[in-house]
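Me: I'd like a close look at a single part of this model, please.

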Amino acid sequence: MNIHEYQAKELLKSYGVPVPAGAVAFSYAQAANVAEDLGGERWVVKAQIHAGGRGKAGGVKLAGSVTEVRQFADQMLGSRLVTHQTGPDGSLVQRVLVEQARDIAAEYYLGFVIDRGSQRITVIASSEGGMDIEEVNKTHPECVFQETVDPAIGLRDFQCRKVASAIGLRGKLMPQAVKIMKAIYRCIRDKDALLAEINPLAVVDKDQLIALDAKISFDDNALYRQHQINGMRDFDEEDPKEVEASGHGLNYIALDGSIGCIVNGAGLAMATMDAITLHGGRPANFLDVGGGASPEKVTNACRIVLQDPSVKAILVNIFAGINRCDWIARGLIQAMESLHIKAPMVVRLAGTNVEEGRELLDSSGLSFITAQNLDDAAGKAVAVVKG
Ligand code: GDP
Ligand code: MN
């Protein structure tokens, strides 16, 4: 789960990371009030969406008056901001962050990620802040520095000093950098975060380090014990199909192909997507109905998959162990009848109660395309989409 920049800054501030004075606004009038309350002469108005690259896309504006703050907020709120991270449709801006603007002397990059190779939290830092770190890593790998943290010992001061000095933070900046790194590390551990990124970590007022941007992502599987974080969830930033699916206990992830998938088990769901791709098609989604799926759950799965307008055919692939093929078949029949499904549905059933399941489909009088195995099913689904 991701949170907005202003939420990440509030959280980091509570751990002692310096951030600019500012507040979120949901309307241009509120944005103007925030600017007046903050005082000063210049402000930054920042579109709050769960994607980076806003600066280059017009989602970060420097305002020289309260009137300008109002104008920028008015332009941003309700518009769709397209950045290199949002995809071509962009994201709807519903909140802006208004901050006191600071004069920037230098910009650094500071990130914390869980490195899957070493299975440890790794600090990534660079002197080339304000830019895309993937890009810096490609063009100037010598400017990107990494330090791995031993979870049993935690992040040590000497490691922070090593990182700080590697990217050129010296003198008065050094102890500030150590404090900021340790604070972020503590925050990550406490809150079950997967990633924290400060880009840029800026030098302002000659010798003050401050987090001018902040991004934090959290482990969904830990949200049950992270009530504060869960309360920051913004459902408007998530795919409504994914939100609805999770409410029904379905594991759904939207993709960009044309074959809707309804499968049991994450492994089989991945194999099904591979088989579709192998036959020259593209899956529209990943969907795991789980074990012991009731007919209602299967009907809900069909409804969610069909909410995606690019779905041209549905592939149902069930290898029933705990599941029952007759329940799956009942759910599919119910879906066909109640949802008036026009898209062809290819069904492969195997395992528990498979004979009953096939019999139900055959005697339903509905036009299911049955398949004998995964390869057959994928081939048929791709053929109906192409033909
Ligand atoms: P991103 O493009 O989505 O990563 O958004 P950022 O929050 O990183 O903002 C983009 C850029 O805006 C930063 O790299 C800064 O150069 C600039 N910026 C942000 N806040 C300030 C500020 O207070 N003063 C000045 N002068 N520039 C700022
Ligand atoms: Mn940034």
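Which ligand 1 atom lies 2.5 Å from a polar side-chain atom of K46?

Reply: Happy to help! First, the ground rules: this is a predicted model, where local features need pLDDT of at least 70, side-chain atom pairs count only at pLDDT 80 or more, and totals for chains, interfaces and linings use all residues. Residues are numbered from 1 along each chain as its sequence is written, chains are lettered from A and ligands numbered from 1 in the order in which they are written, and side-chain values use heavy atoms, with hydrogens and water left out.

Now to your atom: the partner of the polar K46 side-chain atom is an oxygen of ligand 1, at 2.5 Å. This is a polar contact (a pair of N or O atoms within 3.5 Å; within protein, one must be able to donate a hydrogen and the other to accept it, and residues adjacent in sequence count only if both atoms are side-chain atoms).

The backbone takes part as well. In G53, a polar backbone atom sits 3.2 Å from an oxygen atom of ligand 1. For R102, a backbone N or O atom is 2.7 Å from a ligand 1 nitrogen atom.

Stepping back, 16 residues surround ligand 1, where being near means having a heavy atom within 4 Å of the molecule. Those that come nearest are K46, R54, G55, R102 and E107. K46 and R102 thus appear both in that nearest group and in the contacts above, K46 through its side chain and R102 through its backbone.
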